[in-house]
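The following report goes through selected local features and the contact between two chains. The sequence and structure come first.

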Amino acid sequence: MDLPNRRTAIESFRKGGGRIAAVFPGRYPREILLAAGFLPVEVWDPPGPIARASAHAQPFVCGVGLRGLELLLSEKTPALDCLLFPHLCDTLQNLFTVVRDCIGHPVPATLFYTPRNVADAGVASFVESQVRRLAAFLSSRSGVSVDDDGLAKAGAAMDKVHEAMQSLYSARRQGRIHASNADFYRTVRLREYVVPSEFLQAADRLMAGQSTSSENAPSGPRLVLSGVLPDRDLLALLDQLGVRLCEDDLISCGRRFPRTHVAADKDPWKASAARLLSLPPCTSIASPVEQRVAFLSEMVRNSGAAGIILHTVKFCELELFDHPFVVQGLRQAGIPVLVLESELHQPQLGQLGTRLEAFLEVLS
Amino acid sequence: MSTAGIVRYHLAKEVTLPLMLAADSARRSLRRATRPKRTPPDWAGPPLACADRLRTIMARHYLLARHAAGAMPIAWVTSGAPVEILRAMGFYTVYPENHGALCGARMAGLDMSAPAENAGFSQDLCSYARIDLGLSLGARSPIGPLPRPDVLVCSTNICQTVLYWYKQLSHRYGVPLVLFDTPFVADELDEGTLAYMVGQLEALIPRLEPIAGKAFNARTFESYLLRAQRTSLMWGEVLASMTTRPAPMTIFDAFAHMAPVVSLRGLPVSERYYELLLKELRARVASGIAAVKGERHRLLWDNIAVWFKLGDFIRLFSQNGCVFVAATYTNAWAETVHYLDPAKPLESVARTYSLVILNRDLKHRMELMERMIRSYCVDGVLFHSTRSCKPYSVGQYDIQRALSRKCNVKAVLIDADTTDPRSYAEGPTRTRLEAFIESLDAGTSTQGAA
């Protein structure tokens with residue numbers, strides 16, 4: 001499958017005179033960065049050993065945080081123009097200030113706070129104020145001022161990306177995507193680091209069945225994957241076992257686009273805030289247990305899945321806190337659940353495989 | 001609230017508990033008078049006389065809590081929640097974090113968190129949260145049962161963890177969770193953030209009123225606010241007493257004596273207590289009474305206490321003439337009190353509660369620690385890296401290096417936990433601390449040892 005990786009996407013964008021923003025995990029208004037002339041490149045799970053980051057963060061920091069920090073400290077990292085840390089959790093909050101205030105990283109960094117009190121009447125105004133603050137920061141770095149027209153265009157492009165994601169996920173639920181789990185997520189994750197038009201082309205190719213590799217789509221049991229991100233090794237294992245992921249509730253994927261159509265506000269700033277506030281329930285905004293159980297139960301029912309895998313990255317406390325009662329709620333709803341926890345890029349594949357096989361046997 | 005419940009509560013408050021506590025105090029005095037006199041360690045100064053009073057106040061608070069159910073609305077609150085608003089509506093407040101600390105100090109952390117871990121809560125999660133969730137799942141607290149909450153009030157100013165934790169409690173107890181979200185202040189507090197916080201405080205009142213069964217009274221709120229301010233200012237003076245040499249108390253004392261400003265802030269009992277404590281401390285300063293005899297090195301503690309090792313740490317440091325005279329943790333309840341302004345009550349509450357150390361960037365923390373090092377004449381800093389508290393711990397490696405360099409102080413970092421002894425390795429930690437103490441004596445740095 002011929003898809004660009006992060007490095008080639010960065011090089012290509014830079015050749016066109018664009019600037020690069022490294023964006024750490026979380027929810028943020030991607031359209032603001034696009035409108036300000038940046039290519040937002042998300043940093044979720046860079047590969048490679050962790051060496052320098054250990055001098056700045058304890059071993060109980062999750063792999064996402066440690067690997068992201070390692071990337072920033074590496075000499076091999078492509079030149080960056082700014083760093084954005086959406087406020088996903090306490091760890092990334094502190095890593096932001098470590099990078100900016102302690103290490104004194106030369107690339108300017110900023111934080112985007114994701115409100116937790118999403119039921120509050122003033123939350124939309126607050127998000128809009130944060131979006132404007134972010135725009136001012138980015139404009140000061142790129143010299144490109146974010147105006148209403150530019151933001152409206154970038155917002156419309158992001159709406160198309162979200163529609164494409166909805167179509168891809170819908171097609172997958174209906175069994176119309178003929179791709180392995182690994183291939184599906186290679187395309188879906190392209191949106192983390194390419195411009196909307198490039199992602200839309202890749203999404204079209206996937207829908208048309210053109211971007212699949214020689215391996216056939218798995219034809220085994222249908223499952224939902226919930227957790228932080230689609231770990232490559234886990235996906236390979238699922239493909240190997242013939243498991244067909246038919247939906248996901250991943251912080252990096254399925255929780256990042258609205259599941260229903262959201263009417264765009266005419267004011268592009270308000271629309272940007274509304275886009276963020278229309279995202280599905282997530283541990284990162286502390287969605288109530290009952291809401292998550294209801295959302296996941298419906299997801300399992302609508303997708304015809306036989307069960308759900310809750311997979312989390314070690315030390316990810318926002319996910320870990322939810323597991324016991326969410327598992328209890330799902331089991332009470334008659335949904336089989338498998339809970340997996342592993343280090344990023346260091347999964348104990350044998351152990352995971354055995355547990356998955358046992359789960360599949362139960363399902364059959 | 002039932003009439004019978006209210007009568008029972010007042011009977012307990014005015015009659016039964018005072019009698020019980022007086023009897024307990026008399027029993028303790030008698031025991032002290034009759035048992036063979038133990039020779040205090042040669043490093044120990046006279047203990048604070050107020051400690052007995054503190055014990056009584058906190059025992060009364062927890063005992064009274066048991067009688068509050070049915071008489072008063074009960075709120076479980078985080079340590080950084082704007083409690084003055086709740087007090088104005090007559091809530092009895094219970095602080096699970098304080099309860100967690102008490103369990104830790106009584107070595108009950110493991111037993112208390114076992115039911116939570118058995119239910120699937122990971123050992124990697126905050127141990128205060130595991131204790132509290134364990135309690136909700138049937139663990140027996142060493143200080144007796146806590147009353148079931150009618151509402152949970154959570155503020156994110158100390159961490160997001162409290163929110164994840166309280167939402168589980170909300171699910172478990174089937175009670176509403178009222179959130180005061182305080183966005184992290186990475187530079188200055190901006191107008192949008194302030195408006196968001198003030199809006200939440202305004203919205204919080206009508207949500208709490210039906211639970212309280214009582215209307216919010218602005219004047220009552222103001223009186224609680226003023227008393228909370230006076231109390232926090234006095235707490236600041238208590239801490240400042242340790243700027244004198246020799247220090248009349250230590251941070252290990254402060255870890256215990258902070259309980260009223262955390263758990264009873266805004267109440268008369270808390271204010272009266274610090275008047276007493278301050279009086280005693282001033283007298284000790286005037287007479288040159290030292291908490292630790294032969295004070296040689298003055299130290300700063302960063303992070304929450306290792307509750308289950310307090311006794312050992314007191315002995316180890318005190319017998320070597322090392323006195324902890326400052327802590328970022330205890331300072332948190334005095335640091336922002338000057339923002340309180342009864343003329344702008346909600347706005348000032350938003351500032352006071354959002355500008356606390358854990359809700360600000362590490363530049364702020366380093367500057368604060370620098371100021372503390374200078375004003376308390378600190379020679380060394382101990383960083384407690386606790387896996388229970390990521391916002392307090394992540395960044396300590398860099399702060400340690402920066403402060404050692406800028407302030408020319410010795411620094412050591414230990415890995416432990418607030419209440420979970422499984423995260424603490426006695427041998428390596430002891431070796432590291434002994435090396436730290438030796439370096440203080442020798443005037444060499446141990447920063448490489450961490």
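## Surface, helices and interface

On the surface, B:L11, B:V15 and B:L19 form a nonpolar patch whose accessible area is about 290 Å² together. Patches are built from residues with over 30% relative accessible area and no salt bridge, with like charges joined within 9 Å and nonpolar side chains (Val, Leu, Ile, Met, Phe, Trp, Tyr) within 5 Å; accessible areas come from the Shrake-Rupley method with a 1.4 Å probe, and for residues only the protein chains shown count as cover. This is a predicted model, in which local features need pLDDT of at least 70 and side-chain atom pairs count only at pLDDT 80 or more, while totals for chains, interfaces and linings use all residues. Residues are numbered from 1 along each chain as its sequence is written, chains are lettered from A and ligands numbered from 1 in the order in which they are written, and side-chain values use heavy atoms, with hydrogens and water left out.

Three residues with their helices and relative accessibility are set out below, where buried means under 20%, exposed over 50%, and partly exposed in between (1.4 Å probe, protein chains only). Helices are DSSP runs of H or I with at least four residues, numbered from the N terminus.

| Residue | Helix | Relative accessibility |
|---|---|---|
| B:L19 | α1 (residues 3-34) of chain B | 58%, exposed |
| B:L233 | α9 (residues 218-240) of chain B | 44%, partly exposed |
| A:R275 | α10 (residues 268-277) of chain A | 9%, buried |

Leaving aside residues up to four places away in sequence, A:R275 touches A:E31, A:G155, A:A156, A:D159 and A:H162, contact meaning heavy atoms within 4.5 Å. B:L233 and B:A334 are 101 residues apart along the chain, yet their C-alpha atoms are separated by 6.2 Å.

Helix α2 of chain B (residues 50-68) has 19 residues and reaches 26 Å from its first C-alpha to its last, close to the 27 Å expected at 1.5 Å a residue, a span defined as 1.5 Å times one less than the number of residues. Its buried residues include B:L54, B:I57, B:M58 and B:H61, and just after α2(B), B:G70 takes a positive phi of about 90°.

Between chain B and chain A the buried area is about 4,300 Å², of which carbon and sulfur atoms give 60%; buried area is the accessible area (1.4 Å probe) that two parts lose on being put together, summed over both. The contact takes 51 residues from chain B and 52 residues from chain A. Four salt bridges are found across this interface, each defined by a side-chain nitrogen of Lys or Arg within 4 Å of a carboxyl oxygen of Asp or Glu. B:D187 forms a salt bridge with A:R100, with the closest N and O atoms 2.8 Å apart.

Note on methods. Helices (H or I, at least four residues) and strands (E, at least two) are DSSP runs, numbered from the N terminus.
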